[in-house]
Amino acid sequence: MREMIKMVIVLTILATFSGSLLAAIHSKTKDRITNQILKFVKGPAIRKIFKEASNDPIVDRFDIKDGDETRSFFVGVFEGEPRAVAFETFGKGGYGGEVGLMVGIDVKEDKVVGVGVTTHAETPGMGAKAETDPSFVAQFEDLSLEDPFKVTQDGGTINALSGATLTSRAVSLAATEASGIYQKLKPQIEEKLKNFKK
Amino acid sequence: MIKKAFLGLSTPQIEYAMLPAHLPETEKIPAPKSITLFHQRNDTHSISSTLGIGDPVKTGEKLSLYSDQNFYVISPVSGTISSLSPYTGDFGKSYIAITITPDGNQVFDDTFQQQIQNPTMELVSGYLAGAPGNPPVSMLADSDGSIKTIVIRGLDPDPLVATNQYIAQSRLKDLKKGIRILKEVTAVQDIIVITAGESVQGYGHIGAQVKGVRPTYPSALPHMVMKDVLGQVVPAGKTCENLGVCFFSAEAVVSIGRAFESGQIPTSKILTFIKKDGTPKIVETSIGTPIGNILEAFGETVNEYDRIILGGPMTGSAVYALEHPVKPDTDSIIVLDRDKAAYVSDYPCINCGECVRICPAQMQVHMLVRFLEANQYEAAADSYDLYSCIECGLCSYVCVSKIPIFQYIKLAKYELERAKTPEAADA
Amino acid sequence: MAKTLTQEFVKGLWDEVPPFRLVLGLCPVLAVTKAVENGIGMGVATTFVLVCSNVLVATLRKVIPSKVRIASYIIIIATFVTIAELLMQAYTYPLFKKLGIFIPLIVVNCIILGRAEAFASKNGILRSLLDGLGFGIGFTLSLMALAAVRELLGTGDLTFWEKPIQIMGPWFQPFSFMVEAPGAFIALGLMLCLMNLVGKK
Amino acid sequence: MLEKRDLLEQQTPLEQKKLIVSHAPFYHSGRRVTERSYHTMLAALPALLLGFYHYGMPAISVVCLSISTAIFWELAFNLVAKRTITIGDGNAALLGLLFAMLLPATTPWWAVITGTFIAVVVGKQIFGGIGSNAFNPVALAIAIMMVSYKELFDFDTALLNYDLEFATIYPLKAAKYFGTASLDSFNLVDLFLGRQLGGIGATFGLGLMLGGIYLMLRGFIRWEISLTFLAGVYLAAFVFNLFDPVRFAGPGIHLLTGYTLIGAFFLATEDSSSPVNIIPMLVYGAAGGIMVVLIRNIGAYVDGVVLAILVINLLSPLLDKIRPEALGKVM
């Protein structure tokens, strides 16, 4: 019985110690990690989408509360005015789980500026091509938000990557979701953009 | 050496030696200066004092070293015992070699003759176990009637050897008598004579069925005869005797027949002698004659590293000295030039599968040999059917890596047997 | 146990160097050695976890009841692995991204649990520290060596901190098989063979 | 050998002749590994000669370099590993020859040397030498080289500078990327007579077939493997062709182009990596043939023969579990 109690106590103390240590380190590094992710994951995707932007979209960002979630929007300034935003959505049903997609939307014309895959766990050489093959994401460019984002197999216009229909479908889903979120939050986004002008 | 045919699609056919329709006379070898007999040895028993160096022996006398054991040899000559020495044969069997110097007279021992009027199993097993052809009479005597069939081999199991074929064709009268005696003493009625396929005819009423087998090796090996003629498959690890079948060579039956015909235990052995150039000779000589004498009679010279093979080319064994005597079961002597002999090598198995395709027991020899090379005898027996082997030697014959597969198999069986004995003793 | 402190440190560098002599911890060895940089990153992370867990296990060795020792070790190791992961995410994000899943997998690396169980739970803090450090450095050097071979043959370059340094001349035809997964096995096999040749007594 | 015997003879008195005690059987079929190697090389000769005729000096130098370096690697490994020197069995030379036969004539020297190193050392010796290799060493070497240096095996560019009397397009590549319509310029007889681009010794269908038939008749390779391999290719290609004649070439094209024939007769039949029982051999060959067409038609590679052979090599030990029951087996 004594041994039993000792075991429980030791394990509890260890676990508590471990938990608090981790919590401390997590809170210390949280901001840095967010920055790092912005810099290395979302950054390249956003820059690819806003190639011709005159500002740094990563610095110029604002948050909007969407229900329980807080979404970051990155602003792209074109020809002197902030006319596009980019934000990340996730499409379910990829071969290796969710596929993260950065979607840039032209606020004036309600059309897609461009998309870029951020996070994924797809098979290298097959689904992972969604991130590396520019011709795949280029298909989304200039598509109107009215259009359905669907692969050709599902009756849409996006040609799926060969051998990676699941990944392509997940990317399309993410784009569709982005379109939904955009339409829902459009008033707030416009509000924020207006403020941004100042 | 029999080469593989140029076209390799068919498996190599090793044909049995076939005697011409007109049988040649045997060539007789004169009596040698000394005779050596191998008496089975048993370390746990003391040698009886009845037999010693310098003792006189008569032709046909039964010599027995142990008073309480049923081992004996029959002296083929009259003379005196000149030496008794231990001798170790293949696979650790030990013997006492009894050497007799003949005195030139033929004084017959008549103990056997007095009893031939009523042949019994005791009489046969008590006097004829060492007769030419080595009749397995002690096995018959010990079997308690479980032997239901006797198969007489009128065809030698090994290629090149024609001894029993010769005897079966030339000594029909004695064969018939022998079969009659066998039936009388054992009460076995089912007796089958095996001959090569086309020579089934010509045996007339010899009191037994005559069956032919294909005249290619290994169809005259006991296991193949069991399968092809009797339609019985010997389970792995069992012997033909376990199934109630006893194998006799034709010579053994003829010896029994002749012994009861003439009243004298036959002591002259017929064997096939293959000269270095490959010429076969049918030779008749006394049991115990040194091999050297036979070679001398044919003017054969032996060089360093030549081989003298007792038994056939596929299953026989080589001896190291020309003094080795002719034993009752020495059906052939082959003189093999060192350049013609098959040397083995330590080259690894290349998995060509020749052995698997030629194996009459359908064993996975290529896997088996890998286990045997690593001394994994138990595993070889468990997973790769070591005990299914019928010991024909064809795997070694075809092996392109010249691996001594046949020897590995025999060694493995011997080692497993040896490992089993202490276990049994412990239990 | 008559080993000096120096010997405790040195044994992990050559005599018992984990992947080559003990053939332990092969999962990261095979997976991350595509570039020298990855090898170093993985090695340093493992060393960090190994040293910390060894020291902590040695400190607590008298407190931990033997029945729950493995569970305790796992808690300790997992804590340090998570710390390593967080730190790498915060300070060396590109490297973290390349090593990916293999950083959390350090938890199941048998070298660490092996040292905790076989050494740290029976020895003092200083010895355990040196032991962990020795093994960690040995492991890092092995990863570097293997990664160097693979990267050099596979691409002709050696990568340090995101900067590929061209080693082979322009005549070199990169043998890209070596940076593929089967190449890892062959390279490891050849290295093991070499180690056996060199270290034969 | 002779001197040693003479010496012994002098030392032993003549009366005590030493006889050799060896064990049965005292006969041997006379077939040796060496014979297998050299006859296989002989059978490869017709196809090789046409390659020499088409591609001239560069082809000859590739073959010579390949054979000599293969022997060199084997010797070097034997010496380093302190094993018996095994170059005498001809297997290294055979590997070198077969490897060269699959290469385009313009292969650079370093690629040949690297390839023979992979074939002999990685493919064969580190597994324990002849008979222990799980994969066909030549197929392994070609596969690894193909993964590493894709451009070397692009026959169109490799053989660009040749002025040959036939169309200098690699038929399989044309079929894969431009559809079967691009194959109209080929007729099967031309392909069969080697009037196509490809490896030095891999294009001459007639020569390879003659060599293969010779080897089968002599019993050096097994007809079960070769014929089912070809049958597998034919049937699978036929089925594909039936469904989409525009995308997938017909069975004749698949049989006579690429490495199909050399694969069927010289690679898939390699002793140590192929099964030995009859049914496994049939399955092994057929699986290989079907795999070839699958890789060619829907896989990422232009020619799948070496990869297909590596896959069936893996199957081989499993297939050999299908075996006849041993005589008198006690269950």
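Q: Strands count as paired once DSSP finds at least two bridges between them. How many bridges join strand 2 of chain B to strand 7 of chain B?
A: There are six bridges between strand 2 and strand 7 (residues 94-102) of chain B, and the two strands run antiparallel. Keep in mind that this is a predicted model.

Q: Got it. Which residue of strand 7 of chain B stands opposite Ile35(B)?
A: That's Ile100(B), so to speak the facing residue in strand 7 of chain B for Ile35(B).

Q: What is the strand order in that open sheet of chain B?
A: The order is 2-7-6-3, four strands in an open sheet with antiparallel pairing.

Q: And which strands stand at the edges there?
A: Strand 2 (35-40) and strand 3 (56-57) of chain B do. Each has a single partner strand, so one side of each is left without a neighbour in the sheet.

Q: Staying with chain B, which peptide bond is cis?
A: The bond from Tyr217(B) to Pro218(B) is cis, with omega near 0 degrees. Pro218(B) sits in the loop between strand 10 (209-213) and helix 5 (222-228) of chain B.

Q: What about phi of Asn134(B), positive or negative?
A: Positive: phi of Asn134(B) is near 50 degrees, and this residue is not a glycine. Asn134(B) belongs to the loop between helix 1 (121-127) and helix 2 (137-142) of chain B.

Q: Why point those two out?
A: Because most residues other than glycine have a negative phi, and most peptide bonds are trans.

Q: Fair enough. Over to chain A: how are the strands of the open sheet ordered?
A: Five strands run in the order 1-2-3-4-5 in chain A, with antiparallel pairing. Strand 1 (61-66) and strand 5 (111-117) of chain A are at the edges, each with a single partner strand, so one side of each lacks a neighbour in the sheet. The twist averages 35 degrees from one strand to the next.

Q: Which residue is opposite Val103(A)?
A: Val115(A) in strand 5 of chain A. Strand 4 (residues 97-106) and strand 5 of chain A are antiparallel and joined by six bridges.

Q: Where does helix 1 of chain A lie?
A: Helix 1 (residues 2-49) of chain A lies across strand 1, strand 2 (69-78), strand 3 (81-94), strand 4 and strand 5 of chain A, at about 45 degrees to strand 4 of chain A.

Q: How confident is the predictor about chain A?
A: Chain A averages a pLDDT of 80, and 96% of the residues score at least 70. Among the elements of chain A, helix 1 has the highest mean pLDDT (86) and helix 2 (residues 129-132) the lowest (75).

Q: Now chain C. At what angle do helix 4 and helix 8 of chain C cross?
A: Roughly 165 degrees, with the axes of helix 4 (residues 36-60) and helix 8 (residues 125-155) of chain C coming within 8 Å. That makes helix 4 of chain C roughly antiparallel to helix 8 of chain C, since angles over 145 count that way. The residues of their contact divide into 18 nonpolar, ten polar and two charged.

Q: What about helix 3 and helix 12 of chain D, how do their axes cross?
A: The axes of helix 3 (residues 91-102) and helix 12 (residues 260-267) of chain D cross at roughly 170 degrees and come within 11 Å. The contact is made by Leu98(D), Met101(D) and Leu102(D) of helix 3 with Ile262(D), Phe266(D) and Leu267(D) of helix 12 of chain D. Those residues divide into six nonpolar, no polar and no charged.

Note on methods. Residues numbered from 1 in each chain as written. Chains lettered and ligands numbered in written order. Predicted model: local features only at pLDDT ≥ 70, side-chain atom pairs only at ≥ 80, totals over all residues. Heavy atoms only, no water. Axes fitted to C-alpha atoms, helices over the stretch in contact; angles between N-to-C directions. Contact = heavy atoms within 4.5 Å. Parallel < 35°, antiparallel > 145°, perpendicular 65-115°, else oblique. Nonpolar A, V, L, I, M, F, W, Y, C, P; charged D, E, K, R; others polar. pLDDT = per-residue confidence, 0-100.
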